[in-house]
Structure formats: structure tokens, C-alpha cells
Amino acid sequence: PGLYDLRAVGQHGLSSARTFQISHREEQHEMEPNNALAMATPVGTRSVVNGVIAEGGDQDFFRFTASKGQRIVLECWAQRIESTLHPVLELFDASGKQLVASRAHVGIDAVIDFQVPQDGSYVARVHDVVFSGSADHFYRLDIDHGPRVAVAVPAVIEAGKAASVRLLGWNLTDATATGTEENQAAASAALDQQVVEIPATLAQSQWPLPLGLT
């Protein structure tokens with residue numbers, strides 16, 4: 001899994017590189033028409049949905065089922081895969097009430113960290129910030145409730161030497177919040193932390209690097 005340079009080779013040479021993403025989740029495609037709440041495309045919570053905001057005013061809806069207490073992370077990849085889309089990501093309950101919205105979380109890409117309040121269906125909506133669209137307004141919507149690392153500290157370790165690395169992200173532990181509702185809400189909003197021990201045998205150079213180089 002990661003971001004790779006993809007090139008085309010032809011009779012007249014080599015093309016410029018374009019960013020190509022490989023995931024370890026089920027890949028799905030949006031199914032048109034899906035531009036209204038009632039037309040939402042069914043998707044799973046361990047999947048990546050490939051879509052396009054094809055024209056001005058277009059918006060895409062996706063419906064998934066979740067259980068109370070799950071922590072669902074929705075991440076829209078656009079800028080990072082060289083799309084012209086400036087995504088707005090919103091989440092609604094089954095009745096159409098907006099629960100949360102996000103834009104410009106990672107660069108201009110949107111991320112939602114959602115603690116599921118009750119069993120049921122939820123709907124995500126993707127659209128451009130100024131409701132523009134084209135064939136170049138493509139995106140990948142990652143919907144997941146499994147372990148997900150946002151930050152590693154330190155970000156770099158010395159090759160061939162064992163090291164302790166603190167991971168921060170979502171769903172990294174099985175610990176649950178206790179106490180008042182306020183304490184539970186604060187705990188759910190914070191990133192999980194977990195320390196992992198990297199043995200010297202695994203502290204080796206890897207490519208591609210999991211970060212931007214520009």
C-alpha cells in the first residue's frame with residue numbers, strides 16, 4: 001500500500017509520472033445516479049470508493065451501516081493524488097440531518113473522525129467547495145473502522161538499530177473511555193497512542209517513503 005509514480009511507455013518515449021495509489025482495502029466505484037440522499041451508493045466500512053465529481057453542481061452520496069461505539073474514519077484523497085477537486089466531506093444520519101463536515105484537513109483534503117452514536121445507516125456526501133466539476137475532479141473516499149496511523153514519533157529511525165516508536169492515530173487500542181459523557185467525548189476526539197518496538201532486523205530502508213517529497 002502507498003503512493004507510486006505511474007508512467008506510460010510508448011513508441012515515442014516515456015510519459016510524465018502520475019500518482020497512483022494502492023490500498024489494502026476492498027475497492028469500489030461510485031454508481032450513478034447517486035447525487036441525492038435517497039440515491040446513495042451502498043459501500044462497506046472497510047473500503048475505498050473511487051469517484052468523480054463529473055460536472056458543475058455534481059455531488060456524490062454513499063451509504064454505510066455502522067454500530068454504536070465504532071470509530072469510523074472517512075478520508076477523501078484528492079489533492080494528494082493530483083486531482084483538481086477541492087473536496088468537502090459531510091456526514092448525515094439516515095433522516096438527512098448533518099452530523100459533521102470537513103474540508104482542508106490534510107492539505108485541502110478532508111477527513112472525518114466519527115464516533116458512532118447508535119446502530120444504523122449513515123450517509124457521506126462529497127462535493128467540490130465551489131460546486132465545480134470535470135473529469136479531473138476525481139477522488140478516493142476511504143471509509144474504515146480499523147487501526148489507522150496518522151503520525152509516528154520519531155518519524156525516522158536509524159537503519160539496523162532497534163527503536164521504540166510512538167504511533168498516534170485512530171483505533172490503535174481496545175481501550176474504552178470511562179466516566180462522564182464529557183470525558184468520553186474528549187477521549188473519542190483525541191488520537192489513540194501506542195508504542196511499538198522495532199527490532200533491528202526490521203529497521204531497514206524502504207521505498208516508497210510514506211510522505212510527500214515536494
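**Group meeting talk: a walk through a predicted model**

Hi everyone! Let's start on the outside, where Tyr4, Leu6, Phe20 and Ile22 make up a nonpolar surface patch with about 350 Å² of accessible area together. What we have on screen is a predicted model, so please keep that in mind as we go. Two strands, β1 (2–6) and β4 (18–22), each give at least two residues to this patch. Phe20, for instance, lies in strand β4. Is Phe20 buried, partly exposed or exposed? Its relative accessibility is 42%, so Phe20 counts as partly exposed.

Now let's step back and look at the whole chain. It holds one helix and 17 strands. There are 214 residues, and 34% of them count as buried. The chain exposes about 12,400 Å², with carbon and sulfur atoms supplying 55% of that area. Here is a number about the fold: take the contacts between residues at least 6 apart in sequence, and 63% of them join residues at least 24 apart.

Next, the charged side chains. How many salt bridges are there? The count comes to 14. One of them joins the side chains of Arg71 and Asp192, at 3.4 Å from N to O. Follow the chain with your finger and you will see that this pair links distant parts: Arg71 belongs to strand β9 (residues 71–77) and Asp192 to strand β17 (residues 192–198), 121 residues apart. Arg71 and Asp192 are both buried.

A second salt bridge brings together Asp109 and Arg80, with 2.7 Å from N to O. Again distant parts of the chain are linked: Asp109 is in the loop between β11 (98–102) and β12 (111–115), while Arg80 is in the loop between β9 and β10 (87–93), 29 residues apart. Why do we call Asp109 buried? Because its relative accessible area is 0%, and the cut-off for buried is under 20%.

Arg80 has another partner too. The charged end of Arg80 sits over the ring of Trp77, 3.6 Å from the ring's centre.

Then there is the salt bridge between Arg148 and Asp144, at 3.8 Å from N to O. Both of these residues, Arg148 and Asp144, are buried. Some of the residues I have just named belong to a wider group: a network of salt bridges links Arg25, Arg46, Glu75, Arg80, Asp109, Asp142, Asp144 and Arg148.

On to the aromatic rings. A pair of rings is described by how far apart the centres are and by the angle of the planes. Our model has two aromatic pairs. One of them is Phe114 with Tyr122, an edge-to-face pair with 5.3 Å centre to centre and 65° between the planes. Phe114 and Tyr122 are buried. Ring pairs also tie Phe64 in, so that Phe64, Phe114 and Tyr122 form a cluster.

My last stop is Val43, in the loop between β6 (41–42) and β7 (46–52). Val43 counts as buried because its relative accessibility is 10%. Which residues does Val43 touch, leaving out those up to four places away in sequence? They are Gln28, Val49, Phe62, Arg63, Phe64 and Ile143. You may remember Phe64 from the ring cluster. Finally, the C-alpha atoms of Val43 and His29 are separated by 9.2 Å, and the two residues are 14 apart along the chain.

Thanks for listening!

Definitions and conventions:
Residues numbered from 1 in each chain as written. Predicted model: local features only at pLDDT ≥ 70, side-chain atom pairs only at ≥ 80, totals over all residues. Heavy atoms only, no water. Salt bridge = Lys/Arg side-chain N within 4 Å of Asp/Glu carboxyl O. Helix = DSSP H or I, 4+ residues; strand = E, 2+ residues; numbered from the N terminus. Buried < 20%, exposed > 50% of the residue type's maximum accessible area, 1.4 Å probe, protein only. Phe/Tyr/Trp six-rings, centres within 6.5 Å; stacked < 30°, edge-to-face > 60°. Lys NZ or Arg CZ within 6 Å of the ring centre and 35° of its normal. Patch = residues over 30% accessible without salt bridge, like charges linked within 9 Å, V, L, I, M, F, W, Y side chains within 5 Å. Areas by Shrake-Rupley, 256 points an atom, 1.4 Å probe, with all protein chains shown as cover. Contact = heavy atoms within 4.5 Å.
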